[in-house]
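Please consider the sequence and the three-dimensional model shown here. The discussion moves from the aromatic rings to a helix, then to the empty space and the backbone.

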Amino acid sequence: MKLSQFKFKLPEELIALNPPYHRDECRLMVLHRKSQTIDMYKKDENGEPLKDEEGNPIFLDFRHVLEYFGEGDVFVFNDTKVFPARLYGTKEKTDAKIEVFLLRELNKEMRLWDVLVEPARKIRIGNKLFFDDSGTMVAEVIDNTTSRGRTLRFLYDCPHDEFKRELYALGEAPLPHYIVDRRQATEEDLEDFQCIYAKNEGAVTAPASGLHFSREMLKRMEIKGIEFAYITLHCALGNFHDIEVEDLTKHKMDSEQMFIDKEACDIVNNAKQKGFHVCAVGTSVVKATETAVGTDKMLKEYEGWTNKFIFPPYEFGVADCMIANFYHPLSTLLMETAAFGGYDLVMEAYNKAVKNGFHFGCYGDAMLILDD
């Protein structure tokens, strides 16, 4: 397919800058792949949309996901944990303000980190950056990696756990630029931009479809007999990069680290063999499971990296259902969703979403794609 096929007009007011008051209260749109139908509204026993006091149809909310699943079905979650990756510092001598985005720690003993810097033209090898008023957290630029990429060595002499704690205390939630360009990150974002089941640290952006799940909702799912499987894919920034080629087969994704253990494989494969639903929560879960699926369409253990880029047409091997957010035009996340739900149906859903005021982005509304 072509890049231009994923272009649509997204009004700025539909980009969600804040999460809903409760995680599970966002709107929900349900896509049915086989019948090619779309549901947005709550319905009465006759299948007619319920109306509010003013006669307007009442939209589904995320908690209605439970109505489509039962005992024995499996939800696959990405339990990666976001760390406060965005820091602001000053350059020595000039006091120029510098944004430093932590990507990953390269060496614990030497305090080496792979980072992005902005504005990059001002940051050269040998420069020192200061991150607090006391001058105790200092980093030296020791290498250029990409046009914006640098390797930093933090000059901080203390036990590693203390260093990490002090470093993270200076950071903020790594919200996407489509949010922080419009408002500042807050203390609340450190909690809001984290899935409640997050466990394994390593992500620099949240697996956004998992943000909708509340503790209460997970408990209701558990009571209903729905099983949970957890995989880890450390979400990186590659999904936010612009695609610079019209022919999607020529686009190369950044690699992301992932782990799938035997327990997750057993839960998923047992459900598949017994004919139960397997629902992937988010594009990161789909990417990970499709990286680790065998020719028998069973999930395999995996530890390594993936740069899998999924776009239509694509035959999926593991999940038969998927939860997604509403993503930006021309994004790889939209392309993967369209591959799962079918290009025509998903683009029709996006058209309805814009017309009906659905919210887009990591703090926006949700989509459930069913194989019925």
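The paragraphs below describe selected features of this structure, which is a predicted model.

The aromatic side chains offer a convenient point of entry. The structure holds 28 aromatic pairs. One of them joins Phe59 and Phe358, whose ring centres are 5.6 Å apart and whose planes meet at 85°, an edge-to-face arrangement. This pair links distant parts of the chain, with the two positions 299 residues apart. Phe59 belongs to the loop between strand 2 (37–39) and strand 3 (74–78), and Phe358 to the loop between helix 8 (343–355) and strand 17 (366–370). Phe358 has a relative accessibility of 0% and therefore counts as buried. A second pair is formed by Phe75 and Phe213; because their planes stand at 80°, with centres 6.2 Å apart, this pair is also classed as edge-to-face. Phe75 lies in strand 3, whereas Phe213 lies in the loop between strand 11 (200–203) and helix 4 (215–223), so the pair ties together parts that are 138 residues apart in sequence. Both Phe75 and Phe213 are buried. These two residues also belong to a cluster linked by ring pairs, together with Phe62, Phe69, Phe77, Tyr197, Phe228 and Tyr230.

Charged side chains meet aromatic rings as well. The charged end of Arg27 sits over the ring of Phe358, 5.0 Å from the ring centre. Lys97 lies over the face of Tyr88, at 4.8 Å from the centre of that ring.

The loop that carries Phe358 follows helix 8, and this helix can be examined next. What span should helix 8 have, and does its geometry agree or disagree? At 1.5 Å a residue, its 13 residues should span 18 Å; the C-alpha atoms at its ends are 18 Å apart, and the model therefore agrees with the expected value. The buried residues of helix 8 are Leu345, Val346, Met347, Ala349, Tyr350 and Ala353. An α-helix has 3.6 residues a turn, so residues three or four places apart point the same way. The packing partners of the buried residues in helix 8 are strand 1 (28–32), strand 2, strand 16 (321–325), helix 7 (332–341) and strand 17. Just after helix 8, Gly357 takes a positive phi of about 75°.

Attention now turns to empty space. Rolling a probe the size of a water molecule over the atoms shows where empty space is left. The second largest pocket has a volume of about 390 Å³. Its lining comprises 19 residues, and those nearest its centre are Tyr21, His22, Arg23, Asp192 and Leu211. Helix 3 (187–192) and helix 4 are the elements that give two or more residues to this lining. Asp192 is also in contact with Pro19, as is Tyr363, when neighbours of Pro19 within four places in sequence are left aside. Pro19 itself is found in the segment before strand 1; its relative accessible area is 28%, so it is partly exposed. Although Pro19 and Gly364 are 345 residues apart in sequence, their C-alpha atoms are 6.9 Å apart in space.

Enclosed space is represented by one cavity of 30 Å³ or more. The largest cavity holds about 40 Å³ of space. Its lining consists of Asn239, Met253, Lys287, Lys308, Phe309, Ile310, Thr332, Leu333 and Glu336. Helix 7 gives the most to this lining, with three residues.

The backbone has several further features of interest. Most residues other than glycine have a negative phi, and most peptide bonds are trans. Where, then, is a positive phi found in a residue other than glycine? Gln36 has such a value, near 55°. Gln36 lies in the loop between strand 1 and strand 2, and its relative accessible area of 44% means that it is partly exposed. Leu330, likewise not a glycine, has a positive phi of about 65°. Leu330 is placed in the loop between strand 16 and helix 7 and, at 32% relative accessibility, counts as partly exposed.

Cis peptide bonds complete the account. One joins Glu118 and Pro119, with omega about 0°; Pro119 is found in the loop between strand 7 (112–118) and strand 8 (128–130). The bond from Pro312 to Pro313 is also cis, with omega near -10°, and Pro313 lies in the loop between strand 15 (302–306) and strand 16.

How values were computed. Residues are numbered from 1 along each chain as its sequence is written. This is a predicted model: local features need pLDDT of at least 70, side-chain atom pairs count only at pLDDT 80 or more; totals for chains, interfaces and linings use all residues. Side-chain values use heavy atoms; hydrogens and water are left out. Rings of Phe, Tyr and Trp (its six-membered ring) pair if their centres lie within 6.5 Å; planes under 30 degrees apart count as stacked, over 60 as edge-to-face and the rest as tilted. Helices (H or I, at least four residues) and strands (E, at least two) are DSSP runs, numbered from the N terminus. Buried means under 20% relative accessible area, exposed over 50%, partly exposed in between (1.4 Å probe, protein chains only). A charge sits over a ring if NZ of Lys or CZ of Arg is within 6 Å of the ring centre and within 35 degrees of the ring normal. The expected span of a helix is 1.5 Å times one less than its number of residues. Contact means heavy atoms within 4.5 Å. On a 1 Å grid over the protein atoms alone, a cavity is a set of points where a 1.4 Å probe fits but cannot get out, and a pocket is an open set with protein on both sides within 12 Å along at least five of seven lines; lining residues have an atom within 4 Å of a point. Grid points are joined across faces, edges and corners, and a volume is the space filled by probe spheres set on the points.
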